[in-house]
Amino acid sequence: MTVSIKIDDDLENRVQKLATSRQQSPDGIMREAIQQYVEREEAREHFGQEALASWDDYKETGLHLTGDELRKWLNTWGTDAETESPECHK
């Protein structure tokens, strides 16, 4: 798909300068930037959807961990005393 966008002279110069320093085409730089932006925004959207689903689950079940319980467990990661994840509770 071919897309045309209008950018101001300053941004065009910055893209050209970056492309030259990386020995890439300006199109390649812009394609990479758009791809990274879309991936980041998709991940952000997915995170938001997971958070809402978790909130709905909590409202249904009341099961949770406290921040202290979570921190205590995470602090064991990578140590000889690493423990299994704690059980959620009401």
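Arg-44 and Glu-41 both sit in helix α2, which spans residues 26-61. Three residues separate Arg-44 from Glu-41, about one turn of the helix. In this predicted model, the two residues form a salt bridge, with their closest N and O atoms 3.2 Å apart. The partners are not equally accessible. Arg-44 has a relative accessibility of 53% and counts as exposed, because the cut-off for that class is over 50%. Glu-41, with a relative accessible area of 24%, is partly exposed. The pair also belongs to a wider arrangement: Arg-40, Glu-41 and Arg-44 are linked in a network of salt bridges.

Helix α2 holds a further pair, Lys-59 and Asp-56. Their side chains meet in a salt bridge, at 3.6 Å from N to O. Lys-59 and Asp-56 are three residues apart, again about one turn of the helix. Lys-59 is exposed, with a relative accessible area of 52%. Asp-56 reaches 41% and is therefore classed as partly exposed, since this value falls between the limits of 20% and 50%.

Helix α1, residues 9-22, contains the pair Arg-14 and Asp-10. Here the spacing is four residues, about one turn of the helix. The salt bridge between Arg-14 and Asp-10 has its closest N and O atoms 4.0 Å apart. The distance criterion for a salt bridge is within 4 Å. Arg-14 counts as exposed, at 54% relative accessibility.

By this criterion, the count for the model comes to five salt bridges. Among them are Arg-44 with Glu-41, Lys-59 with Asp-56 and Arg-14 with Asp-10.

Key
Residues numbered from 1 in each chain as written. Predicted model: local features only at pLDDT ≥ 70, side-chain atom pairs only at ≥ 80, totals over all residues. Heavy atoms only, no water. Helix = DSSP H or I, 4+ residues; strand = E, 2+ residues; numbered from the N terminus. Buried < 20%, exposed > 50% of the residue type's maximum accessible area, 1.4 Å probe, protein only.
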